[in-house]
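Thanks for coming, everyone. Please have a look at the sequence and the structure on the screen. I will go through the contacts one at a time.

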Protein chains: 2
Amino acid sequence: MTFKAPDSLSEQIARHLGQMIITGELKAGERIQEMRVAGELNVSRGSVREAYLILERRYLIDILPRKGAVVSAMTPKHVRDVYEVNIVLLTHLARVASQVWKDEDLREFMQVVDDMEGYVRRNQVMDFFVATFQFARMAYRFADNPYLEDMLEDLQPLIRRTYYFAINTSRDEMEVSMKMFRDLMERLIARDAEGAAKTLEAFGRHQCETVLACLKNSSAAA
Amino acid sequence: MTFKAPDSLSEQIARHLGQMIITGELKAGERIQEMRVAGELNVSRGSVREAYLILERRYLIDILPRKGAVVSAMTPKHVRDVYEVNIVLLTHLARVASQVWKDEDLREFMQVVDDMEGYVRRNQVMDFFVATFQFARMAYRFADNPYLEDMLEDLQPLIRRTYYFAINTSRDEMEVSMKMFRDLMERLIARDAEGAAKTLEAFGRHQCETVLACLKNSSAAA
């Protein structure tokens, strides 16, 4: 059992606003007014400004001179760019993990893969996507590199935000993702570092394309 | 000519404290007291807290519950870990750059390499190291990925901090670095993506080992 320090007030505010950005309640380009947030949440403007810096670090807002906090844009280029760096960091993690995992690690990872199979069967798109984060987080220990972890954690909310566009993904498309993920698992088990990196890249690119296709449909629908 | 918005007050405070950490004036493990900084710089405690979040993002301090801001540790493991992620991001940049550079880009890069040769001849260790940043920054445009840029920029102050241990590097060691850098340039020009990535990795690892050797000597001397 680990005791974790409670989140600071600014972290709590950041999570609250972050969730609104991820789910699209706050939209790209929208200004978030410091005074209004402070009033609504009954917190100081200083705490809101600190929350902005946390949200900026997580790429969810831009802090602009004289304009203040603005929800970051989410164009196809943004989606491609964020997947590009996420794939670079995750393939590195996969390469390392494929070399250092031990037998006792396997069961835990197999459990997540089983969960993912269930999500695909029941067409639970968001749960499927979120399980891929859980899988990656469990793999952090193999790299044992806090900088790599921080970078991946900072990208997570933005990746999560892109998933919200993909919530209507078809079951068939999920099956394709799942097949790639199973391939990844096989390469990792075979300690095939380059194979694992290549399969993870294919998996990441497929997720990116899925999000892009849905983003296109959602703008067409809007 | 570009007009750049002046740095915010918190950014200015972060730069000031950051520079003191980079040069070792503020040492690993040292507490930075909010009230004292606010008093010395004649700024509000809120601005200092914002500066802390910026410095945390740049990996120069840790913000600990009840303890506040503490200068981050700089052990051999920290050095290895930060070089590991820096190399992962930079090799990606090198791969992309080797594919997309155009003839008109060459001269500017050649100029930096010439500058570096001069620094090695005159044994200007810090200038040599800093020129490698300049080189990387000029290459950002090839990837055209703001997330990648942000991550590399956030790592820069910490890499710079590690260099301060290497200030007494021998001229011979600089020559080895320079030879690797020339190799890198050749691979980039030859559009040899894998060769460029491998050479850059060797260059990064050599810099890391140089820093580690000097860090060992400086702790032995302390």
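**Contacts inside chain A and between the chains**

Within chain A, domain 1 puts 10 residues in contact with 8 residues of domain 2. Keep in mind throughout that this is a predicted model.

Where are the two domains? Domain 1 of chain A runs over 6-71, and domain 2 over 76-221. Their C-alpha centres are 27 Å apart.

How much area do domain 1 and domain 2 of chain A bury between them? About 870 Å². Carbon and sulfur atoms account for 61% of that. On the domain 1 side, look for A:Ile22, A:Arg57 and A:Tyr59. Those three supply 56% of the area that domain 1 buries against domain 2, more than any other three residues.

Now the charges. The domain interface in chain A has 2 salt bridges. One pairs the side chains of A:Arg57 and A:Asp150, at 3.6 Å from N to O. So A:Arg57 turns up twice: in this salt bridge, and among the residues that supply the buried area of domain 1. For polar contacts between the two domains, the count is 1 residue pair, with both residues at pLDDT 80 or more.

Which element gives the largest share of the domain 1 side? Helix H1 of chain A, residues 9-22, with 3 residues. By type, the domain 1 side divides into 6 nonpolar, 2 polar and 2 charged residues.

Stay with A:Tyr59 for a moment. A:Tyr59 sits in the loop between helix H3 (45-57) and strand S2 (61-64) of chain A. Its phi is near 65 degrees, a positive value, and the residue is not glycine. Is A:Tyr59 buried or exposed? Buried, because its relative accessible area is 8%, and the cut-off is under 20%.

Next, the two chains. Chain B and chain A each bring 28 residues to their contact. The area buried between them is about 2,700 Å². Of that, 63% comes from carbon and sulfur atoms. In chain B, the residues that lose the most area to chain A are B:Arg57, B:Tyr147 and B:Met151. Together they make up 26% of what the chain B side buries.

How many salt bridges cross between chain B and chain A? There are 6. One of them joins the side chains of A:Glu50 and B:Arg49, at 2.8 Å from N to O. Polar contacts between the chains come to 10 residue pairs, again with both residues at pLDDT 80 or more.

Which elements of chain B give two or more residues to this side? Helix H3 (45-57), helix H4 (76-100) and helix H7 (146-163). H4(B) gives the largest share, with 10 residues. The chain B side divides into 16 nonpolar, 3 polar and 9 charged residues.

One last residue, in chain B. B:Arg66 is in the loop between strand S2 (61-64) and strand S3 (68-71). B:Arg66 has a positive phi too, about 70 degrees, and is not a glycine. Is B:Arg66 buried or exposed? Exposed, because its relative accessible area is 81%, and the cut-off is over 50%.

To recap. The domains of chain A bury about 870 Å² between them. Chain B and chain A bury about 2,700 Å². And of the two positive-phi residues, A:Tyr59 is buried, whereas B:Arg66 is exposed.

Methods: Residues are numbered from 1 along each chain as its sequence is written. Chains are lettered from A and ligands numbered from 1 in the order in which they are written. Side-chain values use heavy atoms; hydrogens and water are left out. Domain bounds come from an automatic or database domain assignment. Contact means heavy atoms within 4.5 Å. Buried area is the accessible area (1.4 Å probe) that two parts lose on being put together, summed over both. A salt bridge is a side-chain nitrogen of Lys or Arg within 4 Å of a carboxyl oxygen of Asp or Glu. A polar contact is a pair of N or O atoms within 3.5 Å; within protein, one must be able to donate a hydrogen and the other to accept it, and residues adjacent in sequence count only if both atoms are side-chain atoms. Helices (H or I, at least four residues) and strands (E, at least two) are DSSP runs, numbered from the N terminus. Ala, Val, Leu, Ile, Met, Phe, Trp, Tyr, Cys and Pro count as nonpolar, Asp, Glu, Lys and Arg as charged, and the others, Gly among them, as polar. Buried means under 20% relative accessible area, exposed over 50%, partly exposed in between (1.4 Å probe, protein chains only).
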